[in-house]
Amino acid sequence: MEERKEEDATGDRVARPSPRKGISFSQPLSRDVVLSSAARRNAIRKQSLDSGDPTTRRPSFPADDHAPSSSCHVNPHRHSSSLEEARFPHLSTSAQCLPATLGGSFGNPFSLDHQRAGSEGDETLTLDRAMVEFGGAAPGAVPELMGSGGGGGIFRVPIRAAVHPGRPPALEVRPHPLRETQAGSFLRTIACAGSQLWAGQESGLRVWNLKEVFENWEPGVMVRKGDEKSAPFNESCRASPTLCLAVDAANGLIWSGHKDGKIRSWNMELPITADAASDDRGSSSSSAGSSSGYGGCPPFRERLSWQAHHRSPVLSMVITSYGEIWSGSEGGVIKVWPWDAIEKALSLIVAERHMATLLIERSYIDLRSKFTVNGVCTLPAVDVKYMESDNCRSKVWSAGSLTFVLWDSRSRDLLKVFGIDGQVETRLDLPSLQDQNVEDGIKTKSVSSKKEKSQGSVSFFQRSRNALIGAADAVRRVAVKGTLIMEDQPRTEAIAVSMDGMIWTGCTNGSVVQWDGNGNRLQEYQRHSSSVKSICTYGPRVWVGYVSGKVQVLDLDGNLLGDWIAHSSAVIKMVIGGSHMYSLAHQGGIRGWNIRCPGPLDDLLRTELANKEQSYMKLENIKILVGTWNVGQGRASPNSLISWIGSAASEVGLVVVGLQEVEMGAGFLAMAAAKETVGLEGSANGQWWLNAIGKTLDEGSSFQRVGSRQLAGLLIAAWARKCLKQYIGDVDAAAVPCGFGRAIGNKGAVGLRMRVYDRSICFVNCHFAAHLEAVSRRNADFNHVYRTLSFSRPTTGAHGASGFGTLTSTDIVEITSGPTSVQLRGVNAVGSQSDDGKPELSEADMVVFLGDFNYRLHSITYDEARDMVSQRCFDWLRDKDQLRAEMKAGRVFQGMREGQIKFPPTYKFERNQAGLSGYDSGEKKRIPAWCDRILYRDSRSLSVAECSSECPVVSSIAMYEACMDVTESDHKPVMCIFCVEISHSDELIRRQEHGQIIASNDKIRSFIEESCAVPEITVSTNNIVIQNQETSFFGISNKCNKYKAVFKIICEGQSKAGAENSSELCARCSFGFPFWLEVQPAVGIIKPGQTIEVSVRHGEFFHKEEFLDGVPQTYWREDTRDEEVVLLVIITGTGSTESTSQRISVRHHFSSVEVDQNVPSRRFQSIRQQGSDEEDPTSSSDVAPEFSNTRSP
């Protein structure tokens, strides 16, 4: 614990600079910068694949001896050029048809003799001269070859813009933080309370004031890493991870359920001083870290807490229409916490707080015990993950993954237990069924393995693969306790209640199911194939959030109104606040969307924000070193690693290395495949290479490993320079096997995807099919990798598991036996694609392919190839290159680019034999070939494009060389240095511009005001008297002929008629009704010009019970005579939560005398509302503080 505190104090806080001070790597896109960059880019043109070398003469140009040796620039006022900074000298060429020497081909590529310009007869290198003599490349850049077929389909460059063209403009409350900065502070859920947005995180809670969402942090305050661009927020004292939230507007409290089994309450009115934070509402359990807070405000403390569930978390929580708190936990446990005990505990002082906690902890009602007879319970023993209150009918829905339970919230009676298919169930015993299925699965796999062994015609590799994969599959089934048996059956992932009384549930297969209030399955809608993660309703709309990051808007009939990609990861929670719907992504980003999206407001905001692009767009520059090497199961000397990547790394900020054949052999490959099925990877050789390369890069001092992935003999790893680490993150890994039926990793690919300055860059290390004649197989391998590579999990860093939390994906198996799901991940044999059917690689801003592609030289003999290599006639050899021909035909690596090859073929060599004489001279005499290659695709859709918001990543090649002096393998290592320009948005400045547009644009303000308009309504009465168990009615009429009205009826408070303090109303939790009163429907939607009838009924005499540790002790009949309550009818429109209200006084009159004729009849009748507060004692001017801004019609 002490180490955690020290880490938070030192590594988790950063000093916030003054607003709008640029970081040292960025500058705004000024006009001068754009023009100068455009001049540079106009010098670059695509070289046709069917053209030869531009010229045989390559003059030298000045080399800057004083160029900086690090890519970490510290001058914030300098906008550097990625081309001019690439200071790699070029050697002069001979008078022969090709250069006599190859820079970097032999020996250390950085120990070259520099030749100075300005010698006799030499001219200054001009832009025109560079275009002619370097094949269209500007100084410092290598000419590039571009493959055909990249203009359409899955190979088309993704569309980018300053304002996303495919979705409504969003309010960035909390821009997507890098996952690596969120350890211990991941957001899990959100809730809206008036003008506040609350979020539950792994270390407590945080809250945003939505009225200040466009503001910036105060200068000099401490801000959490990853939250520098977020809107200002306050944070609570450290607490257990928050799993669920509930809003209690009546008492100004937020109730939170936690992983440690506690329920805590928090005041909505936050302290503004340290003294206020440590008042009598504090708690000693939350004292850690309370001396100072983030954002300049002290951390606020909990008001009240108690241990709701022992040794199990609070998975779900809901406040019923009668003001009680229900909490769900593991094993089907549901506890009811009566409001009377909570209210009494809240009224106690600090000295009595311990007593208050004990009072609540012993007052619960255990519903599972209540319905257990002779040890047999009619409730399913599954985790209660979701709970919702149906206030329209006073019911509560509790749900697991496969079952639902329907409750009466007034009597707490069990109404119905039914499955996800709607079938009524009496008892569900999942564990026994699962265990039996697991045993059957193991037996089946065992028999299958025996049959396979008996087939002598099957090869050794095939038998090894089948046996080990079968055994691993059985192990996996046991590990997940049989959940794979039901993986094809849809599971419930979200539930919400709409205002028309319908219940909406979302499933893992992407379907959305509509139920009526009695648990009858009505309709199933299949609008998307991805798993549903969240559902939100308001007025006539239903929002559905998917694991793919998409949000869909449906009407109450299930018709699709609109959809867009809201986040780059799963949308795990959505809530309504003000005129926005706020969505929380799995990666922690929070965005606000106008309730009426999609609509006319979107186009207005999009146009205005696009016009402000120059104020919030920035340019960054970074150099990336990419290396590939087929190591042939060997190990390299330190000198070889220095020659390959060590020297070049001094000039770059990011290093990515791909290795092939790290370890091979039938046994290893089969075992690696088995380990992959249970989410394990790595080998001793792989770890040795990671350590050796890390030592070469001075890992820990200069570089830090950000990710790695191994699949059998394939290994990819990335290191970032420390000064750039804060801008590089969200590193995900992926693997695709291509060998032996697309199941074994002797051939295939491993990849890393990362965010670099908010742009997605992917690196894919491949090893394709071997042999000269296997061109079509190699093309098929690339096609399989490109289409199926799915980055489904966080990668491991330098110290093992990342610990950044789990991601959800279609190829992940969840273990739901614990409070937090553990997820096993395997290679994606089938693959995952985005919503529009495109592979994940096609959505990246830049993709780099590296590896042993195994493409050979065709139509040439061994001797001819050796002669051409010895004469350095690479022009002629390149025409024989299979990869070049296939790219030209558009059959592989469509639209990708490769630097012009100026080095000898890198395969095949005798080990430990230097020079060109080391080519294979054995019996097979394999023809030399350029098997080892590095290709890329950036954001350019044309050969010449400016780095901008529409083309955010533009790259050029500064060096493309092979290290011919390295002899430890039969392949030579290859390296390539990319100079990358990145355009990205400063979300802090952009949010401020967003706020200024809304405040200053008259047209937008007029539209928003119209959206916030509340329809005019009338209520037929303001005074109701009911006797005994009689029912009275009143009507709510929508006088507006254009818009629908949304109504909600709450109980503002209760008092005793004739009591001394009868004017003081006592409100239950969340304005719940007293148990003796039934109001139906309490929520609903009124169409234009229509009237809805509401019944008010005195229920059966309620027997109050006193519980002790969940067991009823005593009970008595509640005396409700002369009880009086004030109902508040709240009316809102469909475009915001702005509201008007009307009070209705309801009194229970217990008398045999006939009621006065002045009292309205039982059936509603329209009456004229009083026009002044003096005449109408129920005027809304006395509304509770939460509704003080509402107005009466």
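This is a short walk through a few spots in a predicted model.

Okay, hi everyone. Please keep in mind that what you see is a prediction. Let's start with two helices.

When you look at a helix pair, you describe it by the angle between the two axes and the distance between them. Here the pair is α5, residues 339–346, and α6, residues 353–361. Their axes come within 9 Å and cross at roughly 175°. An angle over 145 degrees counts as roughly antiparallel, so α5 is roughly antiparallel to α6. Who makes the contact? On the α5 side you'll find Ala 341, Ile 342, Lys 344 and Ala 345, and on the α6 side Arg 353, Ala 356, Leu 359 and Ile 360. If you sort those residues by type, you get six nonpolar, two charged and no polar.

Next up, a sheet. In general, strands of a sheet pair through backbone hydrogen bonds, and they can do that parallel or antiparallel. Which way does this one go? Antiparallel, with four strands in the order β4-β34-β33-β32, and the sheet is open. At the edges sit β4 (171–174) and β32 (571–577), each with a partner on one side only. Leaving direction aside, neighbouring strands are turned by 25° against each other on average. Zoom in on β4 and you'll see three bridges joining it to β34, residues 590–594. Over there, Arg 174 stands opposite Ile 590 of β34.

Just past that, follow the chain into the loop between β34 and α10 (600–611), and you meet Pro 598. The peptide bond from Cys 597 to Pro 598 is cis, with omega near -5°. There's a cis bond from Tyr 907 to Lys 908 too, with omega near -5°. Lys 908 is in the loop between β46 (897–899) and β47 (932–937).

Now, cysteines. How many disulfides does the structure hold? Zero. Take Cys 947: its sulfur is 6.5 Å from the closest cysteine sulfur, the one in Cys 951, and that's too far for a bond. Is Cys 947 buried or exposed? Buried, at 2% relative accessibility. Cys 931 is buried as well, with a relative accessible area of 0%.

Let's look at backbone angles. Gln 633 isn't a glycine, but it has a positive phi of about 65°. You'll find Gln 633 in the loop between β35 (617–630) and α12, and with 43% relative accessible area it is partly exposed. Asp 730 isn't a glycine either, and its phi is positive at about 50°. Asp 730 belongs to strand β39, residues 728–739, and it is buried, with a relative accessible area of 7%.

Two loop residues to finish. Ala 649 lies between α12 (638–646) and β36 (654–660), and at 4% relative accessibility it counts as buried. What does Ala 649 touch, once you skip residues up to four places away in sequence? Leu 625, Val 655, Leu 697, Phe 703 and Arg 721. And Val 626 is 23 residues from Ala 649 in sequence, with 9.8 Å between their C-alpha atoms.

Then there's Glu 1016, in the loop between α20 (1002–1011) and β50 (1017–1019). Glu 1016 and Thr 1132 are 116 residues apart in sequence, and in space they're 9.6 Å apart, C-alpha to C-alpha. Skipping residues up to four places away again, Glu 1016 touches Ser 1037, Asn 1038, Lys 1039 and Cys 1040.

That's my tour, thanks for listening!

Definitions and conventions: Residues numbered from 1 in each chain as written. Predicted model: local features only at pLDDT ≥ 70, side-chain atom pairs only at ≥ 80, totals over all residues. Heavy atoms only, no water. Axes fitted to C-alpha atoms, helices over the stretch in contact; angles between N-to-C directions. Parallel < 35°, antiparallel > 145°, perpendicular 65-115°, else oblique. Contact = heavy atoms within 4.5 Å. Nonpolar A, V, L, I, M, F, W, Y, C, P; charged D, E, K, R; others polar. Pairing = 2+ DSSP bridges. Disulfide = S-S within 2.5 Å. Buried < 20%, exposed > 50% of the residue type's maximum accessible area, 1.4 Å probe, protein only.
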